[in-house]
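Trainee: Could you walk me through how to read cysteines and nonpolar cores in a model?

Mentor: Gladly, let's look at it together.

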Amino acid sequence: MKLLAFDTSTDSMSIAVSVGARVWQHTGPGGAQASGTLIPAILALLDQAGLALAGLDALVFGRGPGSFTGLRTACSVAQGLAFGARLPVLPLDTLLALAEEARFQQQGAAPADLQVMALLDARMDEMYVQHFGFAGGLWTAAAPCSLIRPEALQLDADTGLLAGNVFSVYADRLPVFADQLPRVTALPTATALLRLAPALLAAGHGVPADQALPLYVRDKVALTTDERARVKADKAQACG
């Protein structure tokens, strides 16, 4: 298959193109900064691979959760490119891509069957959390994605691998038990999307361009001034 994948849900923009087993990839600043660089970077990567947009089989993007601006950018670019080239689109959850990236990083150490708790920094003193299981070459989600405070994370011996970008950000706020579990620092990547895409496209999860939508778990973009002051006061009290 010939696929284009990209994710701009975090501070890192990730783009990849695959033709069979061959992969071309690019990384750059993500989130809001991706709005001006995503399309030129995609076109440059397609040129490196010797592909025209219309020659692709499908387009894959990280639909969220993540940065509001980053998700809107990815979704609008996916819709525009796919509509013009008449391509199917596969919107994929960013936390699933994060779990897959962690599994790929741990290939030599991870068992064939794996449990992964995906943890993505949501800013505003919260994080996105979702638990996945990998067995028989397939991922399943134990529950929908949730948005929680770091202190509210529930862990036990069956949690498995912790994966994400929250370990330094919330080091003092994660449950003590988190230190006893294996962990890997990871982000959702375009190459992870490419690994997930063929099976999901074959299963009929591709959609027309106008049905490719972002996934918003949080409906609030920023804290108010009073809320920021309370958070600052709570942190000062905790440190004191």
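Mentor: We will take the cysteines and then the cores, keeping in mind that this is a predicted model.

Trainee: How many disulfides are there?

Mentor: The general idea is that a disulfide covalently joins the sulfur atoms of two cysteines. Here the count is zero. Cys75 takes part in none, and the nearest cysteine sulfur to it, that of Cys145, is 17 Å away.

Trainee: Why is Cys145 without a bond to Cys75?

Mentor: Because its sulfur is 17 Å from the one in Cys75, the closest cysteine sulfur, which is too far for a bond.

Trainee: Is Cys75 buried or exposed?

Mentor: Cys75 is buried, at 5% relative accessibility. Cys145 is buried as well, with a relative accessible area of 18%, because the cut-off for buried is under 20%.

Trainee: On to the cores, then. Which residues of the largest nonpolar core touch the most other members?

Mentor: In general, nonpolar side chains of soluble globular proteins tend to be buried together. In this model the largest nonpolar core has 34 residues, and those touching the most other members are Val60, Leu95, Leu98, Val116, Phe132 and Trp139. Elements that each supply at least two residues include β4 (58-64), α3 (94-105), β6 (114-123) and β7 (126-135). The element giving the most is α4, with seven residues.

Trainee: What is Val116 in contact with, beyond its neighbours within four places in sequence?

Mentor: Its partners there include Ala99, Phe132, Trp139, Leu161 and Ala163, along with Gln130, His131 and Thr159.

Trainee: What lies apart from the largest core?

Mentor: Another core, of 30 residues, with Leu45, Leu46, Leu59 and Ala209 among them.

Terms used. Residues numbered from 1 in each chain as written. Predicted model: local features only at pLDDT ≥ 70, side-chain atom pairs only at ≥ 80, totals over all residues. Heavy atoms only, no water. Disulfide = S-S within 2.5 Å. Buried < 20%, exposed > 50% of the residue type's maximum accessible area, 1.4 Å probe, protein only. Core = buried A, V, L, I, M, F, W, Y, C linked by side-chain atoms within 4.5 Å. Helix = DSSP H or I, 4+ residues; strand = E, 2+ residues; numbered from the N terminus. Contact = heavy atoms within 4.5 Å.
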